[in-house]
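Me: I'd like a close look at one part of this structure, please. Could you walk me through it slowly, and then show me what surrounds it?

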There are 2 protein chains.
Amino acid sequence: MNSKKNESVRERILATASRLFYKQGYANTGINQITAESGVVKSTLYQQFRSKEELLIAYLEQVGKQLNVELSSKIEQFEQPEERILSVFDFLKELMSGKEFYGCNFLNIISEIPEDAVVIRAQILKQKNNIRKLFHELLKPLGKTHLSDELYILFEGALIANKVHHELWAVDKAKNMVILILKHT
Amino acid sequence: MNSKKNESVRERILATASRLFYKQGYANTGINQITAESGVVKSTLYQQFRSKEELLIAYLEQVGKQLNVELSSKIEQFEQPEERILSVFDFLKELMSGKEFYGCNFLNIISEIPEDAVVIRAQILKQKNNIRKLFHELLKPLGKTHLSDELYILFEGALIANKVHHELWAVDKAKNMVILILKHT
């Protein structure tokens, strides 16, 4: 009973922190706002998370897992190797079309943290290296694994250009380049 | 005399703010640190810049102008249209190889500010739309202006992937894709 209660308090704090980190940024979000908006006292928060950085890591872990599951289930709708690759970019476009989309959770944080924030950087790199590995796997049936980082750069380029311009042409152009590259290499 | 002195005080404050905004982020940099490190009192800073946001705009304007000049002078070293286009990516690689490179000044800020920070967003968009126009101009002699946003996405993808991975393969891969796209479209 007690551990269940702790779990829900922990989840509530993490959900609040995640929403604020994503919408208004990590540096712009203070512990006071997180406790106020999740309705807990500070000592309760620190029982669950030793620091704001620990909350950030938990947020990145959770959102990374969730995105990976959603992306996999999108890809699994297709059988042909090229369709499976292109579905990654359709997934991006669906994300970008969402009302509460404020850019890539991971790219947002990488631009905010100091270069020597080793633990946070490692968490971001883990997620991004997963995407690189995913492209590698998706390219295997085509015998074109040497293109995985090309696709990854188009993936990142689409995300950051959408963040800047708030428009969908970036992901459409990226997808067109994927088609072209697969055809000509 | 007095206006000259004001100019140098203004420049000193802006140089300090620029260094701190770039290295440690906008939200992480307080007015107190800027005054302390530029050796002025707060009232002097506020005589020159009405707010931290005004300092940020001045920083983005200045660094944007400087980058545009450096980029133009890089491009002007080449005559052939394709070489001129590729020199943009060589310019990126030189920037990334610098010791004090912490990513694109503009992409760093876009990830930090709230979506409704209209004035700051406009300044960032101005710079990024300049890059899109530049690719448009560079593609004219080849009759391929329809590819300008494709090149722009590769430009942004290279910058942000370098920010994440701290490695130069991103810009090499982006340059290879530019060559491929110019050849096959």
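Reply: Let's start at B:His166, which lies in the loop between α8 and α9 of chain B. Bear in mind that this is a predicted model. The phi angle of B:His166 is positive, at about 55°, although this residue is not a glycine. Is B:His166 buried, exposed or partly exposed? There are 14 C-beta neighbours inside 10 Å of B:His166, so it counts as partly exposed: 20 or more would have made it buried, and 12 or fewer exposed.

Now hop over to chain A. There, A:His166 is found in the loop between α8 and α9 of chain A. Its phi is near 55°, again a positive value in a residue other than glycine. A:His166 has 14 other C-beta atoms within 10 Å, which means that it is partly exposed.

The loop leads us to the helix on one side of it, α8, and to the place where the chains touch. Here 37 residues of chain B are in contact with 37 residues of chain A. Which elements give two or more residues to chain B's side of that contact? They are α6 (105–110), α7 (118–139), α8 (148–165) and α9 (169–184) of chain B. The largest share of that side comes from α8(B), with 12 residues. Sorted by class, the side of chain B that touches chain A has 20 nonpolar, 9 polar and 8 charged residues.

Zoom in on α8 meeting α8. As a bit of background, two packed helices are described by the angle between their axes and the distance between the axes. For α8(A) and α8(B), the axes are 7 Å apart and the packing angle is about 100°. That angle falls in the 65 to 115 degree range, so α8(A) is roughly perpendicular to α8(B). On the chain A side, the residues that meet the partner helix are A:Tyr152, A:Ile153, A:Leu154, A:Glu156, A:Gly157, A:Ala158, A:Ile160 and A:Ala161. Across from them, α8(B) brings in B:Tyr152, B:Ile153, B:Leu154, B:Glu156, B:Gly157, B:Ala158, B:Ile160 and B:Ala161. Count up the classes in this contact and you get 12 nonpolar, 2 polar and 2 charged residues.

On the other side of the loop comes α9, so let's see what α9(A) does with α8(B). These two helices pack at an angle of about 95°, with their axes 9 Å apart. Once more the angle sits between 65 and 115 degrees, which means α9(A) is roughly perpendicular to α8(B). From α9(A), the residues making the contact are A:Trp169, A:Ala170, A:Lys173, A:Ala174 and A:Met177, while α8(B) supplies B:Asp149, B:Glu150 and B:Ile153. This contact divides into 5 nonpolar, no polar and 3 charged residues. If you compare the two lists, B:Ile153 turns up in the contact with α9(A) and in the contact with α8(A) as well.

What does α8(A) meet inside its own chain? One of its partners is α7(A): the two axes come within 8 Å and cross at roughly 130°. An angle of 130° is over 115 but not over 145 degrees, so α7(A) is oblique to α8(A). The crossing of these two helices is right-handed. Here A:Ile131, A:Arg132, A:Phe135, A:His136 and A:Leu139 of α7(A) meet A:Ser148, A:Asp149, A:Leu151, A:Tyr152 and A:Phe155 of α8(A). That contact has 6 nonpolar, 2 polar and 2 charged residues. Keep an eye on A:Tyr152, which meets α7(A) here and also takes part in the contact with α8(B).

Another helix joins the picture from within chain A. α5(A), residues 81–97, has buried residues that pack against α4, α7, α8 and α9 of chain A. Those buried residues are A:Arg84, A:Ile85, A:Val88, A:Phe89 and A:Leu92. The helix has 17 residues and reaches 25 Å from its first C-alpha to its last, close to the expected 24 Å.

Finally, step back to the whole chain. Chain A has 9 helices and 0 strands. It has 185 residues, of which 32% count as buried. Its C-alpha atoms fill a box of roughly 60 × 35 × 35 Å along the principal axes.

Technical notes: Residues numbered from 1 in each chain as written. Chains lettered and ligands numbered in written order. Predicted model: local features only at pLDDT ≥ 70, side-chain atom pairs only at ≥ 80, totals over all residues. Helix = DSSP H or I, 4+ residues; strand = E, 2+ residues; numbered from the N terminus. Expected span 1.5 Å × (residues − 1). Contact = placed C-beta atoms within 7 Å. Nonpolar A, V, L, I, M, F, W, Y, C, P; charged D, E, K, R; others polar. Axes fitted to C-alpha atoms, helices over the stretch in contact; angles between N-to-C directions. Parallel < 35°, antiparallel > 145°, perpendicular 65-115°, else oblique. Left-handed = near helix turned anticlockwise from the far one by under 90°.
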